[in-house]
Amino acid sequence: MENSRRRFLKTAGYSILGVGAGSMLIGLSAHPTKAAGSGPSAASLFKQRPENREAERWGMIIDTRKLNESICEKMQQACHSIHNVPDIVGKFGNKKHEIKWIWPTEFRHAFPEREAEFLTEKLSHKSIIPVLCNHCDNPPCVQACPTKATFKRESDGIVMMDFHRCIGCRFCMAACPFGSRSFNFRDPRPAIKKENPDFPTRMRGVVEKCNFCAERLAVGKNPACVEASEGAMTFGDLNDPESEVRKLLAEEFAIRRKPNLGTFPSVLYIV
Amino acid sequence: MLEKALRGSKKYWTWLLILVVVIAIGFFFYVRQLYFGLGITGMSRDVSWGFYIAQFTFLVGVAASAVMLVLPYYLHDYKTFGKITVIGEFLAVASVLMCILFIVVDLGQPMRILNVILYPSPKSMLFWDMIVLNGYLFLNIIIGWNVLDAERNGVPPEKWLKPLIYISIPWAVSIHTVTAFLYCGLPGRGFWLTAILAPRFLASAFAAGPAFLILLSFIIRKVTRFDPGTTAIQTLAKIVVYATLANLFFFLCEIFVAAYSQIPSHLAHLEYLFFGLHGHGVLVPWMWTSIALVVAAIILLVIPQARRNETTLGFACVFVFIGIWIDKGLGMISGGFIPNPLHEITEYVPTVPEAIITIGVYAVGFLVLTLLYKVATGVKEDLAG
């Protein structure tokens, strides 16, 4: 009796172990094709639209000299309304749960390690530096994500999010050195002023951030903030010496946020 | 052996009932959290990890400390620990279980947790944490249970357990190392970006864990007929004092580097924790209490007479445990987020529902611990006759 029970338990134990190990192996072996997404088979299945804009590495240059508070506000509004970003502060009055993709801040907050004691009046007192996801070339958030819900798009370097895969562990938020990520601490939908049916809304419990308007690039448009910036922002391929951004960089000195961390931001600032 | 957990005094059943009620209340609030979202906690966009992850970090340490009994017994043949290794292993089981639960209650979308296995991401430290924690859980339940069973039957433990036991030793170190790596590999979080984080985690673990084991031994001695033994407790006390001193030393190294170099991104967090920053400082009294408790405990523990006196030893252990709990369970995680990467300050205070859910998870741990200890002490009582 004792013996047979023991044997049964042993067999059961080994079977569970076997099934577990087996499914793990299947998961591991199946993964490369799944995660690749843009592999040869996927590319032939899903064609890009003819107006799709391509680049090796999208980048943005923000000329803060041309910015003022009202342009900054317009940029934020353009971005947030298009991407169904909820107005948590307006709706619930809770700054702690705020969701923001792009927002203007003061120089000392955008560049806290660039201690500058004697700044111009505009830089020291006005929130005129728009900050957003830097779409780093070496993104720490992508490395931290345990599910590949956030990933760097191979084709053009945009750091993207799969809202449906995100488990809400918020490791990416701890990893991001720029505070660019927001978490849906509650259902965001009631706080969306006017829903844009062309872009997904999110549910509670997932992280979100700027996507460099990947959905607009796919139909040949510029990012929404660039369009609203009244010429203060330039968008283009950082790897193309003929691009507008590179031409601008050949003339002007631009800085990046926290370059010492080695994340290589794709958003540059002319101050 | 499990039947031993089903027979007990009225006090035993009352204790279990209390735990079940606490778990039920915690679960009720967890369901509310599931429906509303993590907004019912005190966490924010800036302090995106809070009480849950801090408890997880602290308890990984308690779990790892089982190795302080296993290592001397199996590697150095220190026989005094022979009869209490199972106490350490079962504590590890309960602690790891709580760790896993704390991770789950911290997730925004817990029903998607299998994504971690469906899309394995070896570059993410969380992936490795899942592996080491689950591995450690299984190692300890298998080893603890089988060795206890062999002891009950009066036979030597089965041979295949030996390699598992040896593996469990570095594995214990690995769980807290990987847990430290969750934090110390993140650029732009100056407070955690230090190579000494993992050693410091281990030192504080080997202080708080054995201190808790000593307290548990006192309780076991009181409520059962099994005595873990004065010699074993005294040896544990020595481990506690060495580990507490090492932890304090590592902490002072940390302070020196930040304070002498005066690099703002490193110093600001310590300033916030111990003196307050720009008028914000909810944790300041806590952090100083932590320091005071640890120093008081060291004084009590290094004086041989005080260490040998079980009353003062008990106090010292409580001081160590609470002192380190404040350090890791309150300061370590939120301190790393304040100030935020834009050098703005959002403070963090856990909410009542968050605290109740936390207590609920602890109650699950204590329930499992009670059941396992009931079995273990039951077997030991039988053997003593």
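**Reading chain B, from burial to interfaces**

Modeller: Let's begin with burial: 50% of the 385 residues of chain B count as buried. Keep in mind that this is a predicted model.

Colleague: Okay, and what radius of gyration would a compact globule of 385 residues have?

Modeller: The rule of thumb puts such a globule near 21 Å, and chain B has 21 Å, so the two agree. Along the principal axes, the C-alpha atoms of chain B fill a box of roughly 65 × 50 × 40 Å.

Colleague: How many helices and strands does chain B have?

Modeller: Chain B has 14 helices and 0 strands. For contacts, look at sequence separation: among those in chain B with a separation of 6 or more, 79% come from residues 24 or more positions apart.

Colleague: Now domains. Which stretches belong to each one in chain B?

Modeller: Domain 1 takes 1-188 + 349-385, and domain 2 takes 237-340. Their C-alpha centres lie 24 Å apart. Where they touch, domain 1 of chain B contributes 14 residues and domain 2 of chain B contributes 13. Helix α2 (residues 51-64) of chain B supplies the largest share of the domain 1 side, 6 residues. That side splits into 8 nonpolar, 5 polar and 1 charged.

Colleague: And between chains, how is interface size usually given?

Modeller: Often as the accessible area lost when the parts come together. Here we can go by residues: the contact takes 35 from chain B and 43 from chain A. On the side of chain B that touches chain A, α5 (115-118) and α6 (125-153) of chain B each give two or more residues. α5(B) gives the most, with 4 residues. By type, that side of chain B has 16 nonpolar, 14 polar and 5 charged residues.

Methods:
Residues are numbered from 1 along each chain as its sequence is written. Chains are lettered from A and ligands numbered from 1 in the order in which they are written. This is a predicted model: local features need pLDDT of at least 70, side-chain atom pairs count only at pLDDT 80 or more; totals for chains, interfaces and linings use all residues. Two residues are in contact if their C-beta atoms, placed from the backbone, lie within 7 Å. Ala, Val, Leu, Ile, Met, Phe, Trp, Tyr, Cys and Pro count as nonpolar, Asp, Glu, Lys and Arg as charged, and the others, Gly among them, as polar. Domain bounds come from an automatic or database domain assignment. The radius of gyration is taken over C-alpha atoms; the globule rule is 2.2 Å times the number of residues to the power 0.38. A residue is buried if 20 or more other C-beta atoms lie within 10 Å of its own, exposed if 12 or fewer, and partly exposed in between; C-beta atoms are placed from the backbone.
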